[in-house]
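Biologist: I am new to this structure and would like a close look at one part, the surroundings of the ligand. Please take me through that part and then place it in the rest of the fold.

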Amino acid sequence: MKNSIITSNPYNQKELKTYNYHTDNELKIILDNAQNTFENWKTKEIKERTNLLQNLANTLEDKKEIYAKLMTEEMGKPISQSIAEIEKCVWLCDFYITNAEDFLADSIIETDAKESFISYDPLGVVLAVMPWNYPFWQVMRFAVPSLTAGNVGLLKHASNVTSTALAIQDLFEEAGYPKGCFQTLLVNHDQIEDIIENDIVKAVTLTGSEPAGRSIAAVAGKNLKKTVLELGGNNACVVFDDANLDKHIDTMVKARMQNTGQSCIAAKRFIVSEKIYDQFLSRFKDEVSKLNSGNPEDSDTFIGVMAREDLAEELEQQVNKSTDLGAKIILGNKRNKAYYEPTIITDVTEDMPVFKEETFGPVAAVIKAKDNEQAIKLAANSIFGLGTMIFTENTDNIYNFIGDIPDGALFINDMVKSDPRLPFGGTKASGYGRELSKEGILEFVNKKTVYIKK
Ligand code: NAP
């Protein structure tokens with residue numbers, strides 16, 4: 001196990017910074033700090049917490065360019081998409097500023113008692129283990145609702161975005177949150193196990209890959225601690241016979257290629273009904289070939305580099321194994337260090353890695369289905385269950401298919417996307433629990449039944 005973190009810029013491979021992991025003693029101070037802060041933080045009125053949320057939104061807005069540049073430097077996200085990510089975090093704050101009081105108000109339930117209701121008490125110190133692909137958004141969508149509900153947060157961010165992780169702690173402190181409300185940990189995987197086992201930590205949320213989810217959930221389970229898991233996905237984009245390609249082809253391309261293909265909810269498998277297959281493929285290929293690859297710091301770049309060279313190599317292997325099994329490359333597939341050319345792979349069958357596994361980069365697998373019904377069956381054939389999108393002009397008919405999609409989300413004529421107003425989460429190997437909306441703010445609370453008899 002290494003004893004420090006070294007970050008580097010995936011576009012030019014330049015080393016950025018070295019960070020030492022916390023010592024046991026430093027960790028003890030951080031955990032005690034978190035617990036002590038919680039004792040006071042939990043007593044605050046929700047209004048007081050949403051006032052701080054307003055400061056948080058203002059600081060995000062004021063320092064948007066600085067935060068965006070940090071993410072771009074550490075993980076290669078095109079700068080315009082980094083700025084959009086910070087703007088989405090502001091939207092998230094605005095949503096909970098408006099709605100948190102209502103979501104956390106006692107729910108009255110009529111019984112034979114004089115009064116009975118559910119009160120929503122914070123749990124305490126919550127550990128968040130987070131990924132690098134949306135370095136601000138993933139953290140904020142945990143922290144904003146959870147802290148507003150009265151919890152305090154500890155962040156173990158992906159090692160390659162350590163500067164961003166530290167900037168997020170500074171952001172909370174600059175916005176006026178009490179020190180200890182949100183702390184970033186510099187720890188390795190072994191240290192995480194001890195932290196989860198510590199009595200101070202009451203719950204754990206992890207956004208990341210399926211193996212990481214299994215490993216963290218096993219430790220949390222052994223210690224009977226609540227978990228929320230937001231894991232990988234293998235979303236299908238289903239194109240029915242009657243899909244309107246003029247209207248939606250741009251959305252389909254964006255659904256796969258935004259964030260250089262590194263999104264859990266990206267469309268990874270394009271399952272296209274035979275009648276529209278040739279037309280789709282030609283339009284899709286035209287649009288993908290127009291995407292602008294380049295320096296992530298240039299504002300007109302749409303495809304940057306992948307976050308690390310080893311991840312690009314992994315993707316290349318998944319593609320190579322699939323072509324060995326008979327798939328065909330019809331566009332792209334050149335790799336240069338962490339850069340992976342936008343790629344389309346056809347003749348994909350259910351036994352191939354690009355069908356069965358999550359591909360986390362700019363590779364679109366295209367599968368021909370004999371009709372709409374078979375397309376739905378293929379879409380549902382996945383160990384993952386984050387989301388499915390269907391493109392069709394007959395939206396009245398869609399109600400017949402809703403029950404056939406066993407995922408956390410179904411989007412018709414749009415890409416699966418996260419939205420503060422809507423619950424977000426998966427089924428099967430994509431995890432469990434929900435973030436965002438009312439569901440998200442109620443994940444890390446004790447839903448306490450109160451019963452008062454005369
Ligand atoms: P990852 O390798 O699983 O890492 C995620 C986080 O977990 C990092 O902080 C990592 O730390 C930590 N980690 C990994 N294994 C661990 C272990 N055994 N013990 C303790 N900590 C551990 O995932 P990633 O490459 O950062 O992110 C990509 C994955 O995240 C994809 O599968 C994607 O689909 C998924 N994701 C899901 C959602 C969702 O909402 N469902 C959203 C975004 C991303 P280190 O960096 O130190 O290894």
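**The ligand and its surroundings**

Modeller: An oxygen atom of the ligand lies 2.6 Å from an N or O atom in the side chain of arginine 141. The model is predicted, and this distance, like the others below, is computed from it. Serine 209 also takes part: an N or O atom of the serine 209 side chain is 2.5 Å from an oxygen atom of the ligand. For glutamate 358, the distance from a side-chain N or O atom to an oxygen atom of the ligand is 2.6 Å. By itself the ligand would expose 900 Å², and the protein buries 87% of that area.

These three residues belong to a wider shell. In total 28 residues surround the ligand, and the closest are Arg141, Ser159, Ser209, Leu231 and Glu358. By type, the shell is made up of 13 nonpolar, 11 polar and 4 charged residues.

Several helices contribute to this shell. Helix H5, residues 137-148, helix H7, residues 189-197, and helix H8, residues 210-222, each provide at least two of its residues. Helix H8 gives the most, with 3 residues.

The shell can also be read by domain. Domain 1 covers 4-231 + 430-452, and domain 2 covers 235-419. Because both domains give residues to the shell, the ligand lies between them.

Now to the sheets, beginning with one of 7 strands. This sheet is open, its order is S12-S15-S16-S11-S10-S18-S19, and its pairing is mixed. Strand S12 (328-331) and strand S19 (410-412) are its edge strands, each pairing on one side only. On average, neighbouring strands in this sheet are turned by 25° against each other, with direction ignored. Within the sheet, strand S11 (residues 267-273) and strand S16 (residues 363-369) run parallel and are joined by 5 bridges. One position to look at is arginine 269, which stands opposite alanine 365 in S16.

Another open sheet has 6 strands, in the order S7-S6-S5-S8-S9-S21, again with mixed pairing. Here the edge strands are strand S7 (182-184) and strand S21 (431-432), and each pairs on one side only. Strand S9 (residues 226-230) runs antiparallel to S21, and 2 bridges join them. Leucine 229 has tyrosine 432 in S21 as its bridge partner. In general, the strands of a sheet pair through backbone hydrogen bonds, in either a parallel or an antiparallel way.

Technical notes
Residues are numbered from 1 along each chain as its sequence is written. This is a predicted model: local features need pLDDT of at least 70, side-chain atom pairs count only at pLDDT 80 or more; totals for chains, interfaces and linings use all residues. Side-chain values use heavy atoms; hydrogens and water are left out. A residue is near a molecule or strand if one of its heavy atoms lies within 4 Å of it. A polar contact is a pair of N or O atoms within 3.5 Å; within protein, one must be able to donate a hydrogen and the other to accept it, and residues adjacent in sequence count only if both atoms are side-chain atoms. Accessible areas come from the Shrake-Rupley method with a 1.4 Å probe; for residues, only the protein chains shown count as cover. Helices (H or I, at least four residues) and strands (E, at least two) are DSSP runs, numbered from the N terminus. Ala, Val, Leu, Ile, Met, Phe, Trp, Tyr, Cys and Pro count as nonpolar, Asp, Glu, Lys and Arg as charged, and the others, Gly among them, as polar. Domain bounds come from an automatic or database domain assignment. Two strands pair if DSSP finds at least two bridges between them. Axes are lines fitted to C-alpha atoms, for helices over the stretch in contact, and angles run from 0 to 180 degrees between N-to-C directions.
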